[in-house]
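This report describes how one protein chain is folded. Please look at the sequence and the structure before reading on.

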Amino acid sequence: MSRADAAGAAVRAALPTVADTHAFGRRLAGVLRAGDLLLLTGPLGAGKTALTQGIGAGLGVLGDITSPTFVIARVHRPDPVRGRGVALVHADAYRLGDAADPRAEIDDLDLDASVDDSVTVVEWGEGLVEQLVDAHLRVRIDRRDDDTRLVELAPAGGDWAARLGALA
């Protein structure tokens with residue numbers, strides 16, 4: 001399902017179904033911890049929210065995970081019974097790209113107030129939120145004509161490369 005690149009850093013996976021995308025998100029959740037920032041990019045309908053749903057299931061958070069496009073950000077608290085004790089913050093910066101100063105709007109979301117205590121997933125956040133942490137994970141999702149999702153996880157600093165080795 002997934003493979004690491006020659007340097008052992010990036011992980012790539014072909015995910016034929018939405019169920020496979022959810023399952024990959026659950027596997028990815030197994031290497032996530034509080035303070036992690038994931039930047040999801042890809043075209044509309046590529047599967048960014050589906051992957052986040054899998055991550056939420058793997059973390060054991062409360063509430064349905066839906067696209068935060070119109071809400072901008074949602075916090076999903078850990079389920080005290082089945083959760084791992086880490087909240088999931090799911091944000092979508094898509095609508096912020098048209099703003100005169102999208103970084104100011106990102107600042108208004110106060111993601112920096114929760115980033116240390118949660119797993120933060122930001123759709124369309126590249127170029128806007130990287131400064132929140134010293135290291136992050138870039139997640140690119142594309143969708144083929146046959147609906148297969150192609151996912152690439154690329155570490156940006158920290159111990160991401162070592163942690164992603166568990167997924168390869």
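The text below goes from the whole chain to its nonpolar cores, then to one helix and to the aromatic rings.

**The chain as a whole**

The model is predicted. Its chain has five helices and eight strands. Read from the N terminus, these elements follow the order β-β-α-β-α-β-β-α-α-β-β-β-α. The chain has 168 residues, and 45% of them count as buried. Its exposed area is about 7,800 Å², of which carbon and sulfur atoms supply 49%. For contacts between residues at least 6 apart in sequence, 62% join residues at least 24 apart.

**The nonpolar cores**

The largest nonpolar core has 29 residues; Leu28, Leu38, Ile55, Val139 and Leu153 are those that touch the most other members. Both helices and strands give two or more residues to this core, as the table shows.

| Element | Residues |
|---|---|
| Strand S2 | 11–15 |
| Helix H1 | 18–29 |
| Strand S3 | 37–41 |
| Helix H2 | 48–59 |
| Strand S6 | 118–123 |
| Strand S7 | 136–143 |
| Strand S8 | 149–156 |
| Helix H5 | 160–164 |

Apart from this core lies another, of seven residues, including Ala91, Val122, Val129 and Val133.

Which residues does valine 139 touch, not counting those up to four places away in sequence? They are Leu38, Leu39, Leu40, Thr41, Leu51, Val151, Glu152 and Leu153.

**Helix H2**

H2 is mostly covered, with nine of its 12 residues buried. The buried residues are Lys48, Thr49, Ala50, Leu51, Thr52, Gly54, Ile55, Gly56 and Leu59. They pack against H1, S3, S6 and S7, and also against strand S5 (87–92).

The length of H2 can be checked with simple arithmetic. At 1.5 Å a residue, the 12 residues of H2 should span 16 Å, because the expected span is 1.5 Å times one less than the number of residues. The C-alpha atoms at the ends of H2 are 17 Å apart, which agrees. After H2 comes glycine 60, whose phi is positive, near 75°.

**Aromatic rings**

How many aromatic pairs does the structure hold? The number is zero. A ring does take part in one arrangement with a charge: the charged end of arginine 163 sits over the ring of tryptophan 160, 4.0 Å from the centre of that ring.

Key:
Residues numbered from 1 in each chain as written. Predicted model: local features only at pLDDT ≥ 70, side-chain atom pairs only at ≥ 80, totals over all residues. Heavy atoms only, no water. Phe/Tyr/Trp six-rings, centres within 6.5 Å; stacked < 30°, edge-to-face > 60°. Lys NZ or Arg CZ within 6 Å of the ring centre and 35° of its normal. Helix = DSSP H or I, 4+ residues; strand = E, 2+ residues; numbered from the N terminus. Buried < 20%, exposed > 50% of the residue type's maximum accessible area, 1.4 Å probe, protein only. Contact = heavy atoms within 4.5 Å. Areas by Shrake-Rupley, 256 points an atom, 1.4 Å probe, with all protein chains shown as cover. Core = buried A, V, L, I, M, F, W, Y, C linked by side-chain atoms within 4.5 Å.
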